[in-house]
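Trainee: Hi, could we go through this one together? I'd like to start with how its inside is put together.
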Amino acid sequence: MSRTPSYIQLAPRRAMASFENLVALANHQERLREARRIVWRERGEPAVELEDLWECMEHAGRGGLRAAAIAFALRASVNLVLATIRMGKVPKNMRLSLIQHAIFGKDSFRFAAMFGSFVTIYKATLNALPILIPVNERASPPSPFEDEDEDIEAPPTPFEVPLSARQPRLSLSAQAHQVWVRKKTRRWHSMFAGALAGGLAVMFEKRSRRVVIAQQLFVRGLQGSYNAFTSKHGFHLPNGEVLMFCLCSTQIVYALFARPDTLPRSYTAWLITASGGPSNAIKIVQDMNKTGTFDVQDLNKILSREDLIPANQVTLLASRAMATNSPPDFGPYPLCGAVHPWVESCTHVPLPRFVTVFKWAFPIYGALHFVPMILFKRHAFLRNPLQKLGRAGWATIRSSAFLATFIATFQTWVCFKHYLYRMLSSQTLVKLPQKFIDFFVSKYSYGLGGLFGALSLFVEEKRRRGELAMYVLPKGMESAWLTARGKGWVFHTGQFGEMILTAIGMSMVMSIYQNDPQHLSGLVRRILFQFIGPN
């Protein structure tokens with residue numbers, strides 16, 4: 001029979017070593033988590049309680065340095081990838097300097113300065129305003145644990161609440177953040193902080209990039225404000241994204257043929273390529289809309305095309321002879337034979353044009369649908385590759401068909417409006433106003449063709465319609481503003497136009513982010529959270 005020893009028993013050395021290894025591993029994992037938090041914020045991070053201005057400045061300074069470091073790393077990484085792609089075309093003795101410039105060039109430091117200054121100014125302003133201008137805390141809601149009234153009715157189920165009165169679900173941390181916002185700040189605090197920080201920070205970037213940044217931020221602000229307004233008032237505009245796309249396409253197509261100077265050159269070149277028509281024919285249309293004349297050399301280049309059929313050659317030669325007469329006669333509109341020199345009948349143009357544009361757009365949209373799926377949704381793709389490939393393939397077909405339908409519809413309208421002009425000018429049954437007849441050969445008629453072509457957005461998948469509307473909205477707004485400025489309808493913004501537009505855009509974006517974050521797009525909300533955090 002054994003007895004309990006009276007001395008102290010020590011664990012074996014092997015057991016002690018294993019315990020120490022576990023402690024070291026736990027400490028190592030904790031340090032890794034702390035390091036990861038420096039680069040990547042975890043979901044559910046609570047708002048920071050700040051008591052005085054010194055804490056505000058310290059909090060803003062740390063956040064600004066973190067944002068600047070992350071922005072520098074991101075911009076340098078993108079530049080490095082682009083430099084690697086160009087590496088084969090650069091001499092060997094220049095490759096090292098190319099890499100150094102990609103990482104430590106001015107672009108990386110400008111990008112870091114823009115993000116770092118924005119986060120610093122925004123955090124300092126947002127958290128200092130409640131200290132400088134104290135806010136009377138609103139009455140807190142009654143506690144659910146205090147039963148002051150015994151006859152409390154049960155809350156309605158989700159099925160009993162009207163759809164317009166339902167609120168989006170937020171996580172517990174997001175709800176806690178909303179409570180902090182409503183207790184500590186007012187909506188104008190985030191609006192003022194966003195406008196001040198955005199307007200100053202954007203000045204660190206190049207002037208050519210400020211316009212793009214200001215446009216995108218302004219559009220995202222409009223999107224969030226519209227979502228918040230419709231949710232608050234129970235208002236919904238059916239197919240609103242299609243309506244916006246139609247309005248923007250009307251302005252863009254009008255600008256392409258009447259005011260190409262109001263569109264970026266790269267965007268104009270892409271539109272001409274996507275149209276599938278001869279670039280010289282588009283140049284003729286632009287000249288006639290602007291001055292009523294065209295350069296005969298553009299017509300000569302069309303006449304020298306190998307795919308020009310004899311019937312169209314005869315009409316184009318007659319047009320050149322009239323344009324070189326004294327006095328010259330350029331006609332009321334460009335001939336259809338110059339727009340589609342390879343076919344005589346206008347009715348034989350839309351279907352081949354649809355096929356041509358579809359083939360051209362298919363690899364472009366294929367890359368847009370397949371590459372992000374494989375890179376960013378790798379686990380879901382590996383779990384069910386056939387389903388994901390099928391969905392991406394169908395989405396590629398729909399996107400290509402959307403662009404092809406747009407071009408084919410617009411081409412049909414161009415030929416049809418010329419036919420209407422000839423028919424209405426020659427008929428004598430009904431006397432129509434001459435201005436109405438001349439509209440079909442005016443520069444504004446091309447904008448109407450953009451409206452008709454934009455209806456092809458219904459071919460695209462519904463969730464992508466909003467993305468396409470957000471893509472064309474900055475282009476359409478910029479073109480409309482420049483057109484109106486050329487007519488003297490609006491004022492010149494001078495050197496501070498980008499600053500003002502960025503300030504307005506960030507005022508809207510940050511107001512929605514701090515008060516109604518669910519109304520921003522998921523991508524914008526996640527980016528802002530990683531750079532700014534709850535406050």
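Mentor: Happy to! A nonpolar core is a set of buried Ala, Val, Leu, Ile, Met, Phe, Trp, Tyr and Cys residues joined through side-chain atoms within 4.5 Å, where buried means under 20% relative accessible area with a 1.4 Å probe, protein chains only. This is a predicted model, in which local features need pLDDT of at least 70, side-chain atom pairs count only at pLDDT 80 or more, and totals for chains, interfaces and linings use all residues. Residues are numbered from 1 along each chain as its sequence is written, and side-chain values use heavy atoms, leaving out hydrogens and water.

Trainee: Okay, so which residues have the most contacts inside the largest nonpolar core?

Mentor: Phe245, Phe257, Leu263 and Phe402, in a core of 33 residues.

Trainee: And which helix gives the most to this core?

Mentor: That's α8, with nine residues. Helices here are DSSP runs of H or I, at least four residues, numbered from the N terminus.

Trainee: What does Phe245 touch?

Mentor: Leaving aside residues up to four places away in sequence, Phe245 touches Phe402, Phe406, Ala454, Leu457, Leu468, Ala469 and Val472, with contact meaning heavy atoms within 4.5 Å.

Trainee: New topic: at what angle do α4 and α6 pack?

Mentor: About 155 degrees, with the axes of α4 (residues 106-132) and α6 (residues 187-201) 8 Å apart. Axes are lines fitted to C-alpha atoms over the stretch in contact, and angles run from 0 to 180 degrees between N-to-C directions. The two helices are therefore roughly antiparallel, a label for angles over 145 degrees.

Trainee: Which residues of α4 make that contact?

Mentor: Among them are Met114, Phe118, Ile121 and Leu129, and the α6 side includes Trp188, Phe192 and Leu196.

Definitions and conventions: Angles under 35 degrees count as roughly parallel, over 145 as roughly antiparallel, 65 to 115 as roughly perpendicular and the rest as oblique. Buried means under 20% relative accessible area, exposed over 50%, partly exposed in between (1.4 Å probe, protein chains only).
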